[in-house]
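Please open the structure in your viewer and keep the selection tool at hand. We will go from one small pairing to its surroundings, and then out to the whole chain.

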Amino acid sequence: MLSIPASRPNAYTGSPLDRAALKREDAAWIAAALADPETLFAPVWRSRSLMKGVAEGRPEALLVTGAAAGALRMAGGPWAFLGLWEGRPVFAVDCSEAADPLPLLPEGIGSFTDLRAVAGLLPAGEASILAHARGLMHWRTRHRFCGICGAGCEPGSAGHVMHCTGCRAQHFPRTDPAVIMLVVRGDHCLLGHSTRFPNTTMYSTLAGFVEPGESLEEAVRREVLEEAGIEVGEVWYHSSQPWPFPSSIMLGFHAEALSEAITIDATELRDARWFSRAQCLDPTAHGFSLPRADSIARRLIEDWIAHS
């Protein structure tokens, strides 16, 4: 088995932003950007993003400016500088403290929607910005207190660091690495039905978090052995995908199975099976479904099907 290259970028990648990290420490520049009526704000309300056109099946990200942005900031939630989009500053602002944020916005502007429900329909750059804002605001709202001494934290670096007011520790945004892998043996691939899947017919790639002191390849082999009892040999990197739901990055691989007999971990999987390429090409006809189109799991499967 040869390494299978990624056929196209994954969802939530390809951000058009210049993150302009040096600007984060320039307090005067940040203050001026916040006051500029042309600055863009990506609102987040209880992990949902502001969009229009969702009901029509043509979702678009909505970034607000001017008075609307000021009203959202008055809700008192955290904010952070995301970067520059064609020279214009872009900030994320969390308005989750508001019971209903829509009255703070111009009438009929749009609605707050779960990004995962529509990401496959959004332009790539827009999906990336909304994911960036969602992930950073999740971290900010959940790290108000120091994990070392318990004292309150104050934001710094334009929302990218939390300073403990007690022990003076610095806390930075956290991204948890997770491996996700399509295990292949001959003309078949291994797919599992997780106990967490709401879709009762969906089978997907196996995945798991990287543990301390573990390489990515070791994590692939351990997770597959633990969840399905399959021994893995060679491991090939495919691509990565930000997955801020709430705070992961998915590291995608194809892996060579050295064994065939499946022994599932019932706490993780309801079922696991070997599926042929022909079955994966027409899953409905064979009584199962594949993961959502915006997922790296789907990309791993599709690129394997296309690879000869």
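Begin by selecting Met 162 together with His 171, which is its bridge partner in strand 9. The model you are looking at is a predicted one, and this pair is a good place to start reading it.

Next, extend the selection to residues 161-164, which make up strand 8, and you will find that strand 8 pairs with strand 9 in the antiparallel sense over 2 bridges. Now add strand 7, and the picture becomes an open sheet of 3 strands, arranged in the order 7-8-9 with antiparallel pairing. Strand 7 (153-156) and strand 9 (170-171) are the edge strands, since each of them pairs on one side only.

Then move along the chain to residues 188-194, which form strand 11, and pick out Ser 194 within that strand. Is Ser 194 buried or exposed? Its relative accessibility is 5%, and because buried means under 20%, Ser 194 counts as buried. If you display what surrounds Ser 194, leaving aside neighbours within four places in sequence, you will see contacts with Glu 268, Leu 269 and Arg 270.

Finally, clear the selection and show the whole protein, whose secondary structure comes to 7 helices and 15 strands. Viewed along the principal axes, the C-alpha atoms fill a box of roughly 60 × 50 × 35 Å. Of the 308 residues, 49% count as buried, and the protein exposes about 14,700 Å², of which carbon and sulfur atoms supply 53%. If you colour by charge, the 27 positive and 35 negative charges have mean positions that are 4 Å apart.

Note on methods:
Residues are numbered from 1 along each chain as its sequence is written. This is a predicted model: local features need pLDDT of at least 70, side-chain atom pairs count only at pLDDT 80 or more; totals for chains, interfaces and linings use all residues. Side-chain values use heavy atoms; hydrogens and water are left out. Helices (H or I, at least four residues) and strands (E, at least two) are DSSP runs, numbered from the N terminus. Buried means under 20% relative accessible area, exposed over 50%, partly exposed in between (1.4 Å probe, protein chains only). Contact means heavy atoms within 4.5 Å. Two strands pair if DSSP finds at least two bridges between them. Accessible areas come from the Shrake-Rupley method with a 1.4 Å probe; for residues, only the protein chains shown count as cover. Lys and Arg count as positive and Asp and Glu as negative; His and the chain ends are not counted. The place of a charge is taken as NZ of Lys, CZ of Arg, CG of Asp or CD of Glu.
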